[in-house]
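Here are some whys and hows, each settled by setting a value against its cut-off. How do the labels hold up?

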Amino acid sequence: QVQLVESGGGLVQAGGSLRLSCAASGSIFSINTMGWYRQAPGKQRELVAAFTRGGSTNYADSVKGRFTISRDNAKNTVYLQMNSLKPEDTAVYYCNALIQKTGWYGPDEYWGQGTQVTVSS
């Protein structure tokens with residue numbers, strides 16, 4: 001099996017910073033894509049930042065210049081450094097990955113359990 005385990009959420013004042021981590025574990029042959037989504041109350045889940053299969057990065061317009069996604073391939077881990085946080089960044093943040101399991105046909109999509117980020121004004 002494959003698991004995504006997130007950490008690093010919490011409560012922070014506006015203007016502050018947080019760093020999220022997501023580690024993938026299990027029978028992993030390769031990770032095609034990996035990134036972060038978020039879902040605020042009453043809103044749809046949206047892409048925050050992600051690495052594409054080619055290794056480039058995508059960011060939501062609302063976080064460009066404030067958030068940075070990075071990864072450690074040796075640890076199958078992706079990070080999200082969030083700076084200059086705003087109250088509208090408050091949401092549950094989910095790790096997402098498209099992973100090819102060892103000895104399995106085709107990649108499957110996986111989600112983490114979610115971590116709450118709350119930004120107070």
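## Labels and their reasons

Q: Where does Asn-76 lie?
A: Asn-76 sits in the loop between S7 and S8. The model is a predicted one.

Q: Why is Asn-76 called partly exposed?
A: Its relative accessibility is 25%. Buried needs under 20%, and exposed needs over 50%. Asn-76 meets neither condition, so partly exposed is the label.

Q: What makes the phi of Asn-76 worth a remark?
A: Phi of Asn-76 is near 50°, a positive value in a residue other than glycine. Most residues other than glycine have a negative phi.

Q: Which loop holds Ser-84, and what is its phi?
A: Ser-84 lies in the loop between S8 and S9. Its phi is positive, about 50°, although Ser-84 is not a glycine.

Q: Why is Ser-84 called partly exposed?
A: The relative accessible area of Ser-84 is 41%. That falls between the 20% and 50% limits, so the middle label applies.

Q: How do you know that Cys-22 and Cys-95 form a disulfide?
A: Their sulfur atoms are 2.0 Å apart. The cut-off is 2.5 Å, so the pair qualifies. A search of the whole structure finds 1 disulfide.

Q: What makes this link one between distant parts of the chain?
A: Cys-22 belongs to strand S3 (residues 18–26) and Cys-95 to strand S9 (residues 91–101). The two cysteines are 73 residues apart.

Q: Which hand does the link of Cys-22 and Cys-95 have?
A: Left-handed, with -85° about the S-S bond.

Q: Why are both cysteines called buried?
A: Cys-22 has a relative accessible area of 0%. Cys-95 is also at 0%. Buried means under 20%, so both qualify.

Q: What makes strand S1 (residues 2–7) an alternating strand?
A: Val-2, Leu-4 and Glu-6 point to one face and are buried. Gln-3, Val-5 and Ser-7 point to the other face and are not buried.

Q: How do you know that S1 and S3 pair?
A: 6 bridges join them, and they run antiparallel. Pairing asks for at least two bridges, so S1 and S3 pass. Leu-4 stands opposite Ala-24. Ser-7 has Ser-21 as its bridge partner.

Q: Which way do S3 and S8 run, parallel or antiparallel?
A: Antiparallel, over 6 bridges. In that pairing, Ala-23 stands opposite Thr-77 in S8.

Q: Which residues of the largest nonpolar core touch the most other members?
A: Leu-4, Trp-36, Leu-80, Met-82 and Tyr-93, out of 30 residues. The largest share of this core, 5 residues, comes from S9. In soluble globular proteins, nonpolar side chains tend to be buried together.

Q: What makes Glu-6 a buried charge without a salt bridge?
A: Glu-6 is buried, and the nearest side chain of opposite charge, Arg-45, is 7.8 Å away. A salt bridge needs 4 Å or less, so Arg-45 does not qualify.

Q: Which backbone nitrogens does the side chain of Glu-6 reach?
A: A polar side-chain atom of Glu-6 lies 2.5 Å from the backbone nitrogen of Cys-95. The side chain of Glu-6 also reaches the backbone nitrogen of Gln-113, at 3.2 Å.

Q: Why is the contact of Glu-46 and Arg-38 called a salt bridge?
A: Their closest N and O atoms are 2.7 Å apart. The limit is 4 Å, so the pair counts. Glu-46 is partly exposed at 34%, whereas Arg-38 is buried at 6%.

Q: What makes Asp-89 and Arg-38 a tie between separate parts?
A: Their side chains meet in a salt bridge at 3.0 Å, N to O. Asp-89 lies in the loop between S8 and S9, and Arg-38 in strand S4, so the pair ties together parts 51 residues apart in sequence. Both residues are buried.

Q: Which residues are linked in a network of salt bridges?
A: Arg-38, Glu-46, Arg-66 and Asp-89. The structure holds 4 salt bridges.

Q: How do you know that Asp-61 is exposed?
A: Its relative accessible area is 64%. Exposed means over 50%, so Asp-61 qualifies. Asp-61 forms a salt bridge with Lys-64, at 3.1 Å from N to O.

Q: Why does Ile-28 count as buried?
A: Ile-28, in strand S4, has 18% relative accessibility. The cut-off is under 20%, so buried is the label. Ile-28 and Thr-102 are 74 residues apart in sequence, yet 5.5 Å apart in space, C-alpha to C-alpha.

Note on methods: Residues numbered from 1 in each chain as written. Predicted model: local features only at pLDDT ≥ 70, side-chain atom pairs only at ≥ 80, totals over all residues. Heavy atoms only, no water. Helix = DSSP H or I, 4+ residues; strand = E, 2+ residues; numbered from the N terminus. Buried < 20%, exposed > 50% of the residue type's maximum accessible area, 1.4 Å probe, protein only. Core = buried A, V, L, I, M, F, W, Y, C linked by side-chain atoms within 4.5 Å. Lys, Arg positive; Asp, Glu negative; His and termini not counted. Polar contact = N/O pair within 3.5 Å; in protein donor to acceptor, adjacent residues only side chain to side chain.
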